[in-house]
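Here are a few exercises to work through with the viewer open. Try each one before you read its solution.

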Amino acid sequence: MINKKVTIIGAGNVGSTLAYTLASKAICSTIILKDIRENIVEAMSLDISQSANAAKSHTIVKAAKTSKDLEGSDIVVITAGVPRKPGMSRNDLLLTNAKIMESVILEVKENSPDAIVIVVSNPLDAMVYSALKSSGFKKEKVIGMAGVLDSARMSHFILDKLGYGAGQIEALVMGGHGDDMVPLPNHSTVAGICIDNILIKKDIDDIVTKTRNGGLQIVKLLETGSAYYAPAHATSLMVESILNNEKKIYPCSVLLEGEYGYENIVGGVPVMLGSNGIEKIIELDLTDEQKVLFEKSINSVKELTEVLENNFF
Ligand SMILES: NC(=O)c1ccc[n+]([C@@H]2O[C@H](COP(=O)([O-])OP(=O)(O)OC[C@H]3O[C@@H](n4cnc5c(N)ncnc54)[C@H](O)[C@@H]3O)[C@@H](O)[C@H]2O)c1
Ligand SMILES: O=C(O)C[C@H](O)C(=O)O
């Protein structure tokens, strides 16, 4: 995309992989990478720019020298924050990452107040809430990435179970990006065929459990941090839909104001992403059982946002 600028704050595993993905596919004209680790961000920017040149992509990649370099960003992706390690839950990152989020989002507000913000840092839904409250930005402009990742994981586990259907699987996960996220088998298909028709209940239950534990599985194996290839790719799809005004539907973490019966709470639901950010929130008919699971997941997010209210706002 010509004349489109994406700034990524936090040039760690997810941020740098996202920059590499966007630059390789020439999704925008400029990428600014910002991090408190100055040498690392300089090295990442050089390496990714050189990779873009190898790919004959027109995307220019630069390290931010000052906050002024954020000016004029169409999208700011926030990947700054600490990842969890084995033995930790995402929620254990709450206060550490909320402090980082507060300083970063105020920097965005001061230097690029018209940008659409995509939040990636964990615990995701609480960080979206924190970004919204600290910035005062409109809810349409602050969007959390998790549902696209969780749905991709569910697709992976469906494929793993079936052994066929690669590239034809669509899965859907809603709710908070926590241990009680809500995978929706009745909205998950292979070539349009609902998985209820081709898998037995025991196998579907297993897919649901593995999807919920998908992040943890990788944390345990990596030992040093968390997943980044799938998170970065998932984020790049959201960036693409916004910059190209594609109006694609993706499950994203957004502030609910009446939708699904919830007020002033953040949760993952299907939304339409276009040049205005969140252009529509889609309200699915959930089964009674799914409504209960969604409520449980939303209540877990609420516990975290109450802690934030008591400590920050
Ligand atoms: N939403 C999701 O689905 C999802 C998926 C993967 C990771 N995450 C989360 O994303 C975050 C980043 O993960 P990662 O694997 O890239 O971690 P990482 O440690 O590799 O990178 C984080 C980067 O943030 C930087 N940073 C810290 N404070 C900063 C600040 N004030 N300004 C600028 N940069 C700052 C660090 O220097 C580091 O380079 C974590 O919180 C992780 O839990 C979320
Ligand atoms: O699991 C994590 O801590 C990182 C991320 O939320 C993920 O799901 O991969």
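Two residues count as in contact if their C-beta atoms, placed from the backbone, lie within 7 Å. Helices (H or I, at least four residues) and strands (E, at least two) are DSSP runs, numbered from the N terminus. This is a predicted model, so local features need pLDDT of at least 70 and side-chain atom pairs count only at pLDDT 80 or more, while totals for chains, interfaces and linings use all residues. Residues are numbered from 1 along each chain as its sequence is written, and chains are lettered from A and ligands numbered from 1 in the order in which they are written.

**Exercise 1.** Work out which residues of helix 4 and helix 9 meet, and how the two helices are oriented.

*Solution.*
- Step 1: from helix 4, take Asp-125, Ala-126, Tyr-129 and Ser-130; their partners in helix 9 are Val-301, Leu-304, Thr-305 and Leu-308.
- Step 2: sort them by class, and you get five nonpolar, two polar and one charged. Here Ala, Val, Leu, Ile, Met, Phe, Trp, Tyr, Cys and Pro are nonpolar, Asp, Glu, Lys and Arg are charged, and the others, Gly among them, are polar.
- Step 3: look at the axes of helix 4 (residues 124-135) and helix 9 (residues 288-311), which come within 9 Å and cross at roughly 40 degrees. Axes are lines fitted to C-alpha atoms, for helices over the stretch in contact, with angles from 0 to 180 degrees between N-to-C directions.
- Step 4: helix 4 and helix 9 are therefore oblique to each other. For reference, under 35 degrees is roughly parallel, over 145 roughly antiparallel, 65 to 115 roughly perpendicular, and the rest oblique.

**Exercise 2.** Do the same for helix 1 and helix 8, and find the handedness of their crossing.

*Solution.*
- Step 1: the axes of helix 1 and helix 8 (residues 229-243) get within 8 Å and cross at roughly 50 degrees, which makes helix 1 oblique to helix 8.
- Step 2: the residues of helix 1 in this contact are Val-14, Thr-17, Leu-18, Thr-21 and Leu-22, while helix 8 brings residues including Tyr-229, Pro-231 and His-233. The contact has seven nonpolar, five polar and no charged residues.
- Step 3: the crossing is right-handed, meaning that the near helix is turned clockwise from the far one by less than a right angle (anticlockwise would be left-handed).

**Exercise 3.** Which domains does the chain have, and how many residues does the contact take from each?

*Solution.*
- Step 1: the domain assignment gives domain 1 (5-144) and domain 2 (147-311); such bounds come from an automatic or database assignment.
- Step 2: the domain centres, taken over C-alpha atoms, are 21 Å apart.
- Step 3: the contact takes 37 residues from domain 1 and 36 from domain 2. On the domain 1 side, helix 4 has the largest share, seven residues.

**Exercise 4.** Where does ligand 1 lie, and why?

*Solution.*
- Step 1: 35 residues surround ligand 1, with Gly-10, Gly-12, Ala-80, Gly-81 and Asn-122 the closest. A residue is near a molecule or strand if its C-beta atom, placed from the backbone, lies within 6 Å of it.
- Step 2: helix 3 supplies the largest share of this shell, four residues. By class, the shell has 18 nonpolar, 13 polar and four charged residues.
- Step 3: domain 1 and domain 2 both give residues to the shell, so ligand 1 lies between them.

**Exercise 5.** Which helix gives the most to the shell around ligand 2?

*Solution.*
- Step 1: list the neighbours of ligand 2, among them Arg-84, Asn-122, His-177 and Pro-231.
- Step 2: helix 7 (residues 214-222) gives the most, with four residues.
- Step 3: at least three residues come from each of domain 1 and domain 2.
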